[in-house]
Amino acid sequence: MDTLHAPTVPSGPTSNLGERSGVSGKQSFAELQRRKDDLETELKALGGVLDSHGVDMQTPLLTRDGFPRADLDIAQIRTTRARIIRLRNDYKDLMAVIEKHLHEHFASIQDGDEAAPGAAGRELQILPDAQSEPLDEPFAKVNTIAAGSPAQQAGLQAGDEIRNFGYVNRSNHDGLKKLAECVQGNEGRNIFIKVSRPDGVARRQELRLTLIPRKDWGGRGMLGCHILPL
């Protein structure tokens, strides 16, 4: 009875990611993105089910005396919670697949770029004019950059408009919440970003940068910059 509020089915991984969430190593980034959107939509819907019952994932389903609460649909709440936990696990695994996909994609592009003779340190990679796929619309703008910060070391500048930040783009940034999640989940690791930078009056540069979030750089936050949504 003490565990009545817990899910009735296993909530952790029951098989590999491909079997659980329809993800295979041969899927394109667009297919992975669609799967991500589907998971987010279903999680939102399941959250609405809990809301309709006036509970969340931690709300006790027992009275103080240890009996099931008569005012709640215990079976539906437990089933919904179990599904949410399983989908959250799938979502976490999917994000890892997407991040790996992006790292490999940008790494292959960078490996093909020729470094300028005598260049030192991290370079700004200018995107070619002819793109194999259209650029995403910017979703955020860099407001300020702190000296010596990871953002400055990556080559970011105030006024840069961010098109992609790891797996985050205009369609999924959720008020920059996903950007913050991406930073928190990648401390000390490369995050590949695409920015659009003003170049004169009517021109812009499309740049590919590599950012490494760090807590120990000597300032506030893990990036050392202020980013605003567009």
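Start by selecting D174, which sits in the loop between β3 (161–165) and α5; helices (H or I, at least four residues) and strands (E, at least two) are DSSP runs, numbered from the N terminus. This is a predicted model, in which local features need pLDDT of at least 70, side-chain atom pairs count only at pLDDT 80 or more, and totals for chains, interfaces and linings use all residues. Residues are numbered from 1 along each chain as its sequence is written, and side-chain values use heavy atoms, with hydrogens and water left out.

**Stop 1: the loop before α5**

With D174 selected, look at the backbone: its phi is positive, about 55°, although D174 is not a glycine. At 45% relative accessibility, D174 counts as partly exposed. The terms used on this tour are buried for under 20% relative accessible area, exposed for over 50%, and partly exposed in between (1.4 Å probe, protein chains only).

Next, select L176, which also belongs to the loop between β3 and α5. Here phi is near 75°, again a positive value in a residue other than glycine. Is L176 buried or exposed? Its relative accessibility is 13%, so L176 counts as buried.

**Stop 2: down the axis of α5**

Now select α5 (177–184) and show its side chains. Buried residues in this helix are K178, L179, C182 and V183. Turn the view to look down the axis of α5: the buried residues fall within an arc of 145°, so they line one face of the helix. That arc is taken over the directions from the helix axis to the C-beta atoms. A reminder for this view: an α-helix has 3.6 residues a turn, so residues three or four places apart point the same way. Colour K177 and Q184 as well, since these exposed residues are on the face of α5 turned away from its buried side.

**Stop 3: Y91 on α3**

Move to Y91, found in helix α3. Y91 is buried, with a relative accessible area of 13%. Which residues does Y91 touch, not counting those up to four places away in sequence? They are K36, L39, E40 and K178, where contact means heavy atoms within 4.5 Å. You have already met K178 as one of the buried residues of α5. For a distance to check in the viewer, pick the C-alpha atoms of Y91 and L39: they are separated by 6.7 Å, with the two positions 52 residues apart along the chain counted as their spacing.

**Stop 4: the second largest pocket**

Stay with α3 and select K92, M95, A96, Y167 and G185, which lie nearest the centre of the second largest pocket among its 13 lining residues. On a 1 Å grid over the protein atoms alone, a pocket is an open set of points where a 1.4 Å probe fits, with protein on both sides within 12 Å along at least five of seven lines; lining residues have an atom within 4 Å of a point. The space in this pocket is about 300 Å³, a volume filled by probe spheres set on grid points joined across faces, edges and corners.

Which helix gives the most to the lining of the second largest pocket? It is α3, with six residues. Both α3 (74–112) and α5 supply at least two residues each. By type, the lining divides into five nonpolar, three polar and five charged residues. Nonpolar covers Ala, Val, Leu, Ile, Met, Phe, Trp, Tyr, Cys and Pro; charged covers Asp, Glu, Lys and Arg; the others, Gly among them, count as polar.

Then select K100, in helix α3. K100 is exposed, with a relative accessible area of 53%. K100 and Y167 are 67 residues apart in sequence and 9.7 Å apart in space, C-alpha to C-alpha.

**Stop 5: A151 in α4**

Go on to A151, which lies in helix α4 (residues 150–154). A151 is buried, with a relative accessible area of 0%. Leaving aside neighbours within four places in sequence, show its contacts: I145, L156, L211, L223, G224 and C225. The C-alpha atoms of A151 and P213 are 8.1 Å apart, for residues 62 apart along the chain.

**Last stop: the whole chain**

Zoom out and colour by pLDDT, the predictor's confidence in each residue, from 0 to 100. The mean for the protein chain is 78, and 76% of its residues reach 70 or more. Select residues 1–15, where pLDDT stays under 50. The chain has five helices and six strands, and buried residues make up 37% of its 230 residues.
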